Amino acid sequence: MKAFLKSCTALAVALSMSGQAMAQLKEIGPAEGQVTIIAWPGYIERGETDKSFDWVTKFEQASGCKVNVKTANTSDEMVALMNEGGFDLVTASGDASLRLVAGKRVQPINVDLIKSWSAVDDRLKNAPWHTVDGVHYGVPYMWGPNVLMYNTNVFKEAPKSWKVVFEEMTLPDDKTNAGRVQAYDGPIHIADAAQYLMHHKPDLGIKSPYELNEDQYKAALDLLRQQRKLVGRYWHDAFIQIDDFKNEGVVASGSWPFQVNLLKSEKQPVGSTIPEEGATGWADTTMMHVDAPNPNCAYMWIEHSLSSNLQSDLAVWFGANPSVPAACTDGRGMLTKEGCTANGFDDFEKIRFWTTPTSKCASQNDQCVPYYRWVSDYIGVIGGR
């Protein structure tokens with residue numbers, strides 16, 4: 001907790017200085033022999049889960065860099081691990097990346113050393129969650145929406161609203177949703193509540209789910225306290241959520257396409273949708289620790305991460321969208337143009353991507369509730385306060 005609060009407090013004062021920073025590496029030297037990466041589940045596969053999905057083995061053989069992966073299930077966990085140090089890279093979402101910049105845990109990236117930089121989606125190259133004062137602190141990796149996953153035996157048609165996880169109701173099987181739904185175990189879930197309120201209580205004046213004044217923030221917390229009475233488990237481990245849908249009677253929850261795809265591959269009765277209120281989402285960035293012990297291997301991995309066959313297969317595996325648009329059409333991997341369309345590649349403008357809430361916010365006259373309060377208050381909500 002202290003690490004989270006420290007990094008959030010630093011955000012307000014450090015970003016104005018970060019534009020003066022320079023990339024530490026001017027040229028890529030000999031491989032150090034390994035690279036250690038903090039990653040979301042399913043992001044770095046070597047064929048152990050499914051032998052068809054392996055983008056590590058050939059990299060290790062070609063580069064001489066052994067890939068070590070530390071899986072993290074929340075952005076706060078990633079920030080804490082990066083604060084501890086000893087890692088080279090992290091696949092950070094937008095609600096972690098600016099905290100890492102502000103806390104001086106990551107270094108600027110020398111994009112001149114990334115041969116495939118020109119292939120990166122122009123919509124992502126200068127995204128504000130990894131670019132500060134014109135300085136790139138990472139390279140885009142993968143992006144997608146937070147979807148509503150549901151049991152197709154209970155819902156014969158896809159739910160039209162997130163109401164099924166926020167408000168007590170009788171589901172189509174004539175049973176209550178209480179105890180049968182889940183919510184994400186991370187403070188950024190407050191944004192999902194805020195987005196729901198944007199649609200159903202427009203009088204609150206919410207313009208962005210990440211820019212909430214005191215009244216808007218209180219309304220979001222009240223909705224989450226109401227949700228608390230319904231939630232059987234707050235999930236942060238993707239594989240535990242998968243088991244809960246299979247064995248524990250869970251029928252609806254916010255989720256990632258990763259869980260949806262794995263459950264469907266096992267012929268489980270699940271579907272996913274983006275309801276009428278829209279969706280939050282994640283655009284993940286590969287960022288390098290300021291004290292990365294293996295910077296040469298790290299740059300080699302970053303370049304490898306942009307290869308269209310990796311981007312293609314990862315997009316299929318995770319049900320997400322590549323940061324290299326060519327991966328949709330060049331046929332070097334499993335992905336197709338139709339697959340990109342199905343994963344929401346054309347819905348970029350409809351997704352409200354995770355970003356770190358700060359007190360300075362354009363939509364509410366710089367009177368927004370900062371992230372350190374999201375952290376402490378969401379812990380209170382989960383604890384029943």
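Let me begin with a term: a residue is called buried when its relative accessible area is under 20%, exposed when that area is over 50%, and partly exposed in between. By that scale Asp-366, with a relative accessible area of 37%, is partly exposed. Please bear in mind throughout that we are looking at a predicted model.

I shall stay with Asp-366 for a moment, on account of its backbone. The residue is not a glycine, yet its phi is positive, at about 60°. As general background, most residues other than glycine have a negative phi. Asp-366 is placed in the loop that runs between strand 15 (351–353) and helix 14 (371–382). A second aspartate deserves mention here. Asp-133, again a residue other than glycine, has a positive phi near 50°. Its position is the loop between strand 5 (131–132) and strand 6 (135–136), and with 55% relative accessibility Asp-133 counts as exposed.

I turn now to the interior. Which residues have the most contacts inside the largest nonpolar core? They are Tyr-43, Trp-256 and Trp-301, in a core of 124 residues. Helix 7 (residues 189–200) supplies the largest share of this core, namely seven residues. In general, nonpolar side chains of soluble globular proteins tend to be buried together.

Trp-256 shows what such a position looks like in detail. Setting aside residues up to four places away in sequence, Trp-256 touches several other tryptophans, among them Trp-40, Trp-235, Trp-282 and Trp-354. Its partners also include Tyr-184 and Phe-318, as well as the asparagines Asn-73 and Asn-146.

A further position to examine is Val-181, in strand 9 (residues 181–184). Val-181 has 1% relative accessibility and therefore counts as buried. Its C-alpha atom is separated by 6.6 Å from that of Leu-230, although the two residues are 49 apart along the chain. Beyond its neighbours within four places in sequence, Val-181 is in contact with Val-164 and Val-165, with Leu-230, Val-231, Gly-232 and Arg-233, and with Ala-252. Please keep Arg-233 in mind, as I shall return to that residue.

Next, the disulfides. How many does a search of the whole structure find? There are three, and with bonded cysteines counted along the chain their pattern is 1-2, 3-4, 5-6.

Cys-65 and Cys-297 are bonded with their sulfur atoms 2.1 Å apart. This pair links distant parts of the chain, 232 residues apart: Cys-65 is in the loop between helix 2 (57–63) and strand 2 (66–71), and Cys-297 is in helix 11 (residues 295–305). The link is left-handed, with -85° about the S-S bond. Cys-65 is buried, at a relative accessible area of 0%, and Cys-297 is likewise buried, at 0%.

In the pair Cys-328 and Cys-340, the sulfur atoms are 1.9 Å apart. Cys-328 lies in the loop between strand 14 (321–322) and helix 13 (337–342), and Cys-340 in helix 13, so this bond ties together parts 12 residues apart in sequence. The torsion about its S-S bond is about -85°, and the disulfide is therefore left-handed. Cys-328 is buried at 6% relative accessibility, as is Cys-340 at 3%.

The bond between Cys-361 and Cys-368 has its sulfur atoms 1.9 Å apart. Here the S-S torsion is about 95°, so the disulfide is right-handed. Cys-361 is buried, with a relative accessible area of 2%, and so is Cys-368, with 6%.

Finally, the salt bridges, of which a search of the whole structure finds 13. I select three. Asp-244 pairs with Arg-233, the closest N and O atoms being 2.6 Å apart. Asp-244 lies in helix 9 (residues 238–247) and Arg-233 in strand 10 (residues 231–235), so the bridge ties together parts 11 residues apart in sequence. Is each partner buried or partly exposed? Asp-244 counts as buried, at 2% relative accessibility, whereas Arg-233 counts as partly exposed, at 39%. Salt bridges with shared partners also join Lys-218, Asp-222 and Arg-225 into one network.

Within that network, Lys-218 bridges to Asp-222 with the closest N and O atoms 3.0 Å apart. Both lie in helix 8 (residues 214–228), four residues apart, or about one turn of the helix. Asp-222 is partly exposed, at 35%.

My last example is Lys-160 with Glu-157, where the closest N and O atoms are 3.9 Å apart. Lys-160 is exposed, with a relative accessible area of 58%, and Glu-157 also counts as exposed, at 58%.

Technical notes: Residues are numbered from 1 along each chain as its sequence is written. This is a predicted model: local features need pLDDT of at least 70, side-chain atom pairs count only at pLDDT 80 or more; totals for chains, interfaces and linings use all residues. Side-chain values use heavy atoms; hydrogens and water are left out. Helices (H or I, at least four residues) and strands (E, at least two) are DSSP runs, numbered from the N terminus. Buried means under 20% relative accessible area, exposed over 50%, partly exposed in between (1.4 Å probe, protein chains only). A nonpolar core is a set of buried Ala, Val, Leu, Ile, Met, Phe, Trp, Tyr and Cys residues joined through side-chain atoms within 4.5 Å. Contact means heavy atoms within 4.5 Å. A disulfide is a pair of cysteine sulfur atoms within 2.5 Å. A salt bridge is a side-chain nitrogen of Lys or Arg within 4 Å of a carboxyl oxygen of Asp or Glu.
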